[in-house]
Amino acid sequence: MSAKQKSEAGITHDGLFFPQERLHEIHDQMLFIRRFEEKAGQLYGLKKIGGFCHLCNGQEAVCVGLHQASEPTDYMMTSYRDHGHILARGSDPTAVMAELLGRSGGIVKGKGGSMHMFDIDRNFAGGNGIVGEQVPVGLGFGFSSWYKDDGRVTICIMGDGGINQGAVYESFNMAALWKLPIVFVVENNQYAMGTSLDRASAETHLFKRGISFKIPGMKIDGMDVLEFEKKMREAMEHARSGKGPMLVEAITYRYRGHSMSDPATYRTRAEVDEWRSGRDPIARLQAQMIDAGLATEEHFKQKDKDIKQQVAAIAKDAEAQPEPDVSELWTDIYNDPIENAYPYPGKVN
Amino acid sequence: MSKMTYREALNQAMVEEMKRDDRVFLMGEEVAEYNGAYKVSQGMLEKFGPKRVIDTPITELGFAGLGVGAAMAGLRPIIEFMTWNFAILALDQIVNAAAKMKYMSGGQYDVPMVFRGAGGSAARVGAQHSQSLENWLANVPGLKVVMPSNPADAKGLLKASIRDNDPVVFIENEINYGDVGEVPDKEYIIPLGVADVKRAGSDVTIVAHSRMTGFALQAAEILAGQGIEAEVIDPRTIRPLDENTILASVAKTNRAVVVEEGWRFAGIGAEISARIMERGFDDLDAPVIRVTGKDVPMPYAANLEAMALPSVAEIVQAARVACGKA
Ligand SMILES: Cc1ncc(C[n+]2csc(CCOP(=O)(O)OP(=O)(O)O)c2C)c(N)n1
């Protein structure tokens with residue numbers, strides 16, 4: 001094989017070429033998120049992670065596809081199901097784990113927990129706990145790009161339950177009215193807690209929800225990372241070129257319950273299996289790469305071992321951190337805390 | 001000094017700050033082409049153009065959230081609510097998003113913005129358009145709550161609010177918009193968290209904010225005629241509250257009356273009187289008395305409406321009771 005041919009090894013999907021190294025990167029990111037979430041689930045079971053903990057097992061292709069299709073300068077925000085997205089974005093996984101554990105080195109100093117992860121250096125703006133709340137906030141980020149003409153696109157993610165909030169339509173209207181550079185992404189994982197899509201939504205084709213605002217919609221298979229990235233790039237291009245917002249519906253599935261406290265009895269085993277074994281995004285990419293002669297089964301086995309070890313080490317490092325200093329209770333509320341603002345018994349000095 | 005209305009003072013504050021800093025923009029319903037429902041933004045569209053003075057659809061939740069996101073992304077939005085009654089639709093963004101982003105992000109994201117608009121009771125517009133909700137907002141850590149009672153304060157405080165790096169809830173008074181007062185010609189800023197002694201006195205401290213400051217000053221005039229010298233303090237910012245100025249006054253007068261237009265239950269007066277009790281108990285010669293709006297939705301009928309609101313007579317009476325002269 002000549003050097004030139006070698007550098008061209010990869011997979012062409014629907015006209016978009018994915019070179020070998022990038023396929024590995026994409027795969028490893030998805031697998032890392034999968035194993036990270038499993039570890040989080042385990043630590044939750046051990047009561048080391050508290051509160052709510054929403055895992056994204058099954059949805060990794062959406063997390064990674066969004067990241068791959070965007071620039072580091074683009075803005076991104078999502079709901080409480082945020083671990084996968086912030087990891088895909090490249091944030092320090094030890095800091096993310098430390099946050100889950102409520103440790104001093106947490107990505108937001110232990111003040112947010114599972115639902116409120118932020119990374120300003122990666123333009124990741126949450127981590128928001130109120131269903132739909134992040135959508136008007138995303139509108140504002142998009143507005144800022146329009147105002148400053150900075151060429152950035154905002155990726156504003158919501159769930160199939162969240163899209164029914166009124167705030168979303170207020171935002172759709174303004175985003176389209178002013179042609180703001182925003183891609184609204186609906187992670188349609190079929191359920192909002194225990195409520196299936198068809199029990200909550202009159203129009204279940206969610207990509208059509210922007211029609212009355214003249215927002216074009218795209219429905220994408222969110223279990224196929226290459227397909228997802230390809231289409232998502234088109235959506236980003238649309239928004240970046242000044243044509244206004246785009247609505248992307250990613251068809252996906254969460255393998256676990258809504259949160260760690262949800263046994264998900266509202267779904268049949270057969271249904272879960274159909275997605276898990278039939279459509280799993282990681283297994284699918286592995287098969288594609290093996291078919292294309294870009295990797296072996298052995299390689300993936302070894303990779304999995306390595307990543308599991310890596311995640312275990314991360315968890316250990318995070319757990320070894322102390323809890324936040326008690327003085328942190330009073331910080332990050334105001335920029336200039338007023339003297340005597342907290343003169344009450346119980347004040348921590 | 002120049003004479004101008006409360007509304008003009010607010011307008012000047014915004015114009016000066018927008019000239020100074022091109023990250024500042026004004027957005028809200030009817031703020032641009034209509035010049036503002038209460039004409040506070042008169043002429044601003046002409047001065048700054050449609051990119052910086054922006055009319056929105058009637059979607060309070062949506063554009064409040066837009067302000068939050070824009071502030072997080074480095075702009076300095078002024079979000080006008082036509083009145084605070086409608087800001088209730090946007091409470092999620094104000095309380096859950098604006099107030100807490102800094103905290104939830106471990107200090108990574110600041111939200112330097114102002115939510116402003118007309119508040120307080122209006123005249124004869126019924127229960128949904130006539131109410132004081134500052135205690136709701138002042139209850140939330142992460143928000144600052146500012147309520148000017150005259151044109152000079154309105155200008156100085158709004159400029160400080162726009163420059164502030166935290167989200168500020170700036171509640172104007174619907175009935176005060178036309179009030180005329182002296183405003184310094186030179187640029188000036190009134191720091192947030194600093195109360196103002198509007199009238200000095202030695203016999204009783206009356207703490208009153210927003211429109212009630214005027215009522216308290218009228219009451220003080222009447223009291224003076226009766227041989228009682230009242231000191232009137234306007235906190236100007238409800239949160240952070242300048243309790244030192246209030247406590248210093250109570251240490252001098254040993255008596256206090258707290259006045260507010262809003263409802264009595266869990267109101268601002270409850271907070272202030274509790275603080276006087278906690279830190280100024282030894283200075284008190286009588287219990288702190290609260291004069292408040294009545295705990296009822298605002299009636300439409302003129303006589304009932306007047307009864308629902310605090311009156312100058314009630315403040316005079318309360319001060320006399322506090323002084324043991326009732
Ligand atoms: C305004 C609001 N109402 C209710 C809830 C409780 N809640 C949390 S998640 C959720 C379901 C949302 O589902 P979806 O938007 O589909 O997102 P997914 O969890 O599937 O990612 C509900 C009802 C909330 N957090 N906020």
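Let me start with A:Arg81, where a polar atom of the side chain lies 2.7 Å from an oxygen atom of the ligand, and please keep in mind throughout that this is a predicted model. Two further contacts belong beside that one: a polar backbone atom of A:Gly161 is 2.7 Å from an oxygen atom of the ligand, and an N or O atom in the side chain of A:Asn189 is 2.9 Å from a ligand oxygen atom. Taken alone, the ligand exposes 590 Å², and of that area the protein buries 73%.

How many residues surround the ligand? There are 15, and the closest are A:Tyr80, A:Arg81, A:Gly161, A:Gly162 and A:Asn189. As for where the ligand sits, the space that it takes is the second largest pocket.

Let me turn now to helix 2 of chain A, which covers residues 20-45. At 1.5 Å a residue, its 26 residues should span 38 Å, and because its end C-alpha atoms are indeed 38 Å apart, the expected and computed spans agree. Of those 26 residues, 19 are buried, so helix 2 is largely enclosed by the rest of the structure. After helix 2 comes A:Lys47, whose phi is positive, near 65 degrees.

Finally, a word on A:Val62, which is placed in helix 3 of chain A, residues 60-69. Is A:Val62 buried or exposed? Its relative accessible area is 0%, and because buried means under 20%, A:Val62 counts as buried. Its C-alpha atom is separated by 27 Å from that of A:Trp178, a residue 116 places away along the chain.

Technical notes:
Residues numbered from 1 in each chain as written. Chains lettered and ligands numbered in written order. Predicted model: local features only at pLDDT ≥ 70, side-chain atom pairs only at ≥ 80, totals over all residues. Heavy atoms only, no water. Helix = DSSP H or I, 4+ residues; strand = E, 2+ residues; numbered from the N terminus. Expected span 1.5 Å × (residues − 1). Buried < 20%, exposed > 50% of the residue type's maximum accessible area, 1.4 Å probe, protein only. Near = heavy atom within 4 Å. Polar contact = N/O pair within 3.5 Å; in protein donor to acceptor, adjacent residues only side chain to side chain. Areas by Shrake-Rupley, 256 points an atom, 1.4 Å probe, with all protein chains shown as cover. 1 Å grid on protein atoms, 1.4 Å probe; cavity = no way out; pocket = protein on both sides within 12 Å on 5 of 7 lines; lining within 4 Å. Sits in = over half its atoms within 2 Å of the grid points.
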